[in-house]
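Here's a quick walk through how this chain is put together and how it holds its ligand. Have a look at the model before reading on.

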Amino acid sequence: MTDFSTDRAFLSEHIAIGKELLYLTGEECRGVGLTRDEILILAHDALYAHGTGDYEMPAKIGVHPFDDVLYHAMPAYVPSKAAVGAKWIACYPRNPSEFGIPQTTGLLMLNDVLSGCPIAVMDSAWLTAMRTPAVTVLAAEKLHPEARSFGMFGCGVQGREHVRFVTKTLKNLESIFIYDVDEEAMDALIAQVSPDVPVSITKCEDSRDLVESCDVMSSATVILKEPLAAVPDDWITPGQTILSNDLNTFWDPRTSLRADRYIVDSRASHALFADMGYFPEGLPEIDCETGAIIAGREPGRTSAEEIIVCSNIGMAVCDMVLGRAILDRALEKNIGTRLPL
Ligand SMILES: NC(=O)c1ccc[n+]([C@@H]2O[C@H](COP(=O)([O-])OP(=O)(O)OC[C@H]3O[C@@H](n4cnc5c(N)ncnc54)[C@H](O)[C@@H]3O)[C@@H](O)[C@H]2O)c1
């Protein structure tokens with residue numbers, strides 16, 4: 001059994017377990033000072049734990065009040081990090097245009113492993129905006145390490161952070177291309193992110209322009225049951241790598257079905273989504289999980305010509321590991337509001 005005595009001593013020193021919890025706003029989460037480099041290490045640790053079986057994480061279940069929205073319940077336990085809890089997250093694609101608020105919102109709760117008592121509740125928007133691109137770029141490092149060009153479909157919260165993270169692992173990148181149906185989102189990305197990125201960022205005229213310019217591409221747009229197939233399969237050429245964050249919505253399902261390797265972060269979650277009707281053309285045969293590649297149990301890219309699709313729909317193990325790091329840093333720095341249980 002894992003020894004949690006060091007963790008318990010740390011927690012007991014900073015919080016009255018069973019009597020109170022720490023509440024952290026989004027600003028406070030951001031304010032604890034975790035850097036993107038630290039977040040990459042944490043995401044790596046979470047993927048490694050997943051790839052070596054050091055975790056418990058059921059497929060994420062959800063509810064869907066409208067056709068284009070989803071809520072996901074995401075519990076996980078990562079023993080090596082004393083990280084246990086759950087995230088409850090909503091994606092409402094019309095939020096930005098209808099209400100002027102983000103598409104992705106939610107809360108994350110953490111518990112004390114030894115007693116089960118809640119020890120923290122935090123806004124999960126920043127955490128989700130950070131851990132998702134961290135997973136994408138760690139996968140990209142293994143699946144296309146020599147890439148010279150990266151393309152991002154969707155220039156919202158996720159798109160902006162993907163562009164900020166990508167040069168940290170793809171060291172040979174010479175250019176980044178972006179495309180969004182919303183011209184203002186592309187302009188905002190370039191204005192906000194360019195100063196932080198050592199590579200030029202170019203706005204594409206259309207989707208095809210981006211696909212023809214890039215070795216590695218990622219997407220963070222919308223998640224719908226019916227695929228948009230915004231990139232027709234015949235545009236994809238040998239050697240390209242696709243890293244999707246929006247399940248099978250954005251890409252032509254035929255590409256995933258014919259790819260040399262179809263890799264997913266969680267077999268269980270992808271199987272559940274298929275059961276719910278998200279893969280009307282059928283769930284492609286899964287080669288392996290992303291964590292297994294990060295842990296070195298499965299190979300990264302094995303030939304220059306292979307087409308690789310890697311679908312990372314988001315794993316609670318990453319949320320819990322990052323959430324726990326945010327909590328520890330907040331407790332050390334006395335950030336946040338203590339609420340009685
Ligand atoms: N895999 C994960 O772990 C994970 C985590 C968080 C969010 N997501 C998903 O990522 C997506 C984006 O989330 P976000 O918080 O960045 O949302 P956002 O609303 O901030 O950004 C989405 C952007 O995609 C653009 N877009 C929509 N359809 C498009 C299309 N067909 N072509 C090009 N651009 C298009 C929108 O104009 C918008 O700028 C959502 O589907 C969300 O569910 C996935």
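How much area do domain 1 and domain 2 bury between them, and what share of it is on carbon and sulfur atoms?

## Two domains and their contact

This is a predicted model, and its domain assignment splits the chain into domain 1 (5-127 + 317-340) and domain 2 (129-314). Measured out over C-alpha atoms, the centres of the two sit 24 Å apart. Domain 1 puts 29 residues into the contact, and domain 2 puts in 33.

As for the opening question, domain 1 and domain 2 bury about 2600 Å² between them, with 68% of that on carbon and sulfur atoms.

## Where the ligand sits

Both domain 1 and domain 2 supply residues to the shell around the ligand, so the ligand lies between them. There are 24 residues around the ligand, and the ones that come nearest are Gln103, Arg131, Gln158, Asp180 and Asn312. By type, the shell breaks down into 10 nonpolar, 11 polar and three charged residues.

## Polar contacts and cover

Gln103 also shows up among the polar contacts: one of its polar side-chain atoms is 2.7 Å from an oxygen atom of the ligand. The backbone joins in too, with a polar atom of Val157 lying 2.9 Å from a ligand oxygen and one of Gly314 at 3.5 Å from a ligand oxygen.

On its own the ligand has 860 Å² of accessible area, and the protein covers 88% of that. Two elements give two or more residues to the shell, α5 (125-143) and α6 (157-166); α5 gives the most, with three residues.

Methods: Residues numbered from 1 in each chain as written. Predicted model: local features only at pLDDT ≥ 70, side-chain atom pairs only at ≥ 80, totals over all residues. Heavy atoms only, no water. Near = heavy atom within 4 Å. Polar contact = N/O pair within 3.5 Å; in protein donor to acceptor, adjacent residues only side chain to side chain. Areas by Shrake-Rupley, 256 points an atom, 1.4 Å probe, with all protein chains shown as cover. Helix = DSSP H or I, 4+ residues; strand = E, 2+ residues; numbered from the N terminus. Nonpolar A, V, L, I, M, F, W, Y, C, P; charged D, E, K, R; others polar. Domains from an automatic or database assignment. Contact = heavy atoms within 4.5 Å. Buried area = accessible area lost by both parts, 1.4 Å probe.
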